[in-house]
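Please go through the structure shown below with the following paragraphs at hand. They begin with the nonpolar interior and move outward from there.

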Amino acid sequence: MKVLKILFLLVVVNICIQSSIYAQALGYKNNRIACSADGNNQPDLEYTGTYNTADPDDWGATPMSLAILAKAKLQDKLVHFSYNNFMPSPAHSTEKNYMKVNAEDAANRFKYDLDVFFDVGTHKTEAIASLKTELQKSTAADPLYFIHMGPSEFFYQAVKAVIDDGGIESLSHVYVISHSNYNDNHLRRPTEHTMTQCIERSGNRLNYKLIKDQNTCDIGYQGLCSNQNAYPWRNFKAHRDLNMVWLYERMQDHKHGKYDVSDAGMVYYLLKNN
């Protein structure tokens with residue numbers, strides 16, 4: 001089986017990437033990074049769509065993304081990480097909050113500043129304010145790279161807050177990476193917004209990059225999902241580094257039995273431009 005896209009993880013998370021590596025196409029040179037993911041497991045009972053919880057891929061993709069950034073020694077460049085950002089993001093009460101557990105465990109394990117992590121379900125106002133601050137401080141000399149791991153409404157609210165505060169020009173120095181038309185366009189409420197509307201609201205200042213979909217689970221070598229096929233991840237299961245074993249266990253959390261860390265592909269793209 002051809003597994004080039006999967007094998008990058010066996011290299012990236014076992015060999016320390018030199019911090020000078022950057023993606024030429026986006027101009028990344030160890031600049032600030034922000035991420036926002038979904039992963040909500042709490043049912044959104046007011047939503048009448050097909051799925052009223054979020055895709056559980058982020059339960060594994062978040063730890064994998066943080067592992068990759070940590071191996072690149074970029075922990076201090078992660079200035080914002082929000083999760084459970086499916087709006088209106090009801091707080092967890094009846095379901096296990098896998099995203100909080102896995103995000104915070106990864107943050108501790110890989111030595112991140114926990115103050116930049118936000119559960120949108122319980123700290124929505126603080127999460128939007130944090131991302132707004134990081135967006136608004138962006139300049140040509142200090143750009144922000146935003147990894148889009150969930151639907152667009154949370155990002156839209158932060159962008160709107162920047163504009164309302166008179167900081168629209170800063171958005172010219174924000175780079176958005178997405179791999180998912182679903183994340184870009186999913187709306188749970190008629191008042192929510194798409195990524196296209198985020199870009200339009202910025203006066204087309206936001207720099208947007210849509211990379212190849214990493215969630216092609218039936219063609220595992222094209223992305224970072226191999227459906228129920230554990231073979232590409234076998235080296236993680238019995239790895240001498242217990243952090244690798246822990247990452248494998250986090251992939252087991254997926255409630256549909258998928259080996260799916262697809263959103264981590266955007267972090268890899270940012271660092272390696274692949």
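**From the core to the sheet and its helices**

The largest nonpolar core has 47 residues, and those with the most contacts inside it are Met64, Leu78, Phe81, Tyr112, Phe117 and Ile147. A nonpolar core is here a set of buried Ala, Val, Leu, Ile, Met, Phe, Trp, Tyr and Cys residues joined through side-chain atoms within 4.5 Å, where buried means under 20% relative accessible area, exposed means over 50%, and partly exposed covers what lies in between (1.4 Å probe, protein chains only). At least two residues of this core come from each of β1, α2 (58-71), β2, α3, β4, α9 and α10, and α2 gives the most, with eight residues. A second, separate core of 25 residues includes Val120, Leu131, Val159 and Leu171.

The model is predicted, and local features need pLDDT of at least 70, while side-chain atom pairs count only at pLDDT 80 or more and totals for chains, interfaces and linings use all residues. Residues are numbered from 1 along each chain as its sequence is written, and side-chain values use heavy atoms, with hydrogens and water left out.

The chain contains 10 helices and six strands, these being DSSP runs numbered from the N terminus (helices are H or I with at least four residues, strands are E with at least two). Of its 274 residues, 56% count as buried. Among the contacts in the chain with a separation of 6 or more, 80% join residues 24 or more positions apart, a contact meaning heavy atoms within 4.5 Å.

How are the strands ordered in the sheet? The six strands make an open sheet with parallel pairing in the order β3-β2-β1-β4-β5-β6, two strands being paired if DSSP finds at least two bridges between them. At the edges are β3 (117-119) and β6 (207-210), each of which pairs on one side only. Neighbouring strands of this sheet are turned by 15 degrees against each other on average, direction ignored; the axes are lines fitted to C-alpha atoms, for helices over the stretch in contact, and angles run from 0 to 180 degrees between N-to-C directions. Within the sheet, β1 (residues 32-37) and β2 (residues 78-83) are joined in the parallel sense over four bridges, and Ala34 has His80 as its bridge partner in β2.

Two of the helices can be placed against these strands. Helix α3 (residues 98-109) lies across β1, β2 and β3 and runs at about 160 degrees to β2. Helix α4 (residues 120-136) also packs on the sheet, where it touches β1, β2, β3, β4 (144-149) and β5 (174-178), and its direction makes about 140 degrees with that of β3.

Further along the chain, helix α10 (residues 264-272) is largely enclosed by the rest of the structure, because eight of its nine residues are buried. The buried residues are Ala264, Gly265, Met266, Val267, Tyr268, Tyr269, Leu270 and Leu271. After α10 comes Asn273, whose phi is positive, near 55 degrees.

The aromatic side chains add another layer to this picture. The structure holds nine aromatic pairs, where rings of Phe, Tyr and Trp (its six-membered ring) pair if their centres lie within 6.5 Å, and planes under 30 degrees apart count as stacked, over 60 as edge-to-face and the rest as tilted. One of these pairs is formed by Phe110 and Trp246, which are edge-to-face at 6.2 Å centre to centre with 65 degrees between the planes. Since Phe110 lies in the loop between α3 and β3 while Trp246 belongs to helix α9 (residues 242-251), the pair ties together parts that are 136 residues apart in sequence. Phe110 is buried, with a relative accessible area of 8%, and Trp246 is also buried, at 5% relative accessibility. The pair of Trp233 and Phe236 is edge-to-face because the ring centres are 5.8 Å apart and the planes stand at 85 degrees. In addition, Tyr28, Tyr145 and Tyr175 form one aromatic cluster.

Arg188 is placed over the rings of two residues. Its charged end sits over the ring of Phe86, 4.1 Å from the centre, and Arg188 also lies over the face of Tyr47, at 4.4 Å from the ring centre. A charge sits over a ring if NZ of Lys or CZ of Arg is within 6 Å of the ring centre and within 35 degrees of the ring normal.
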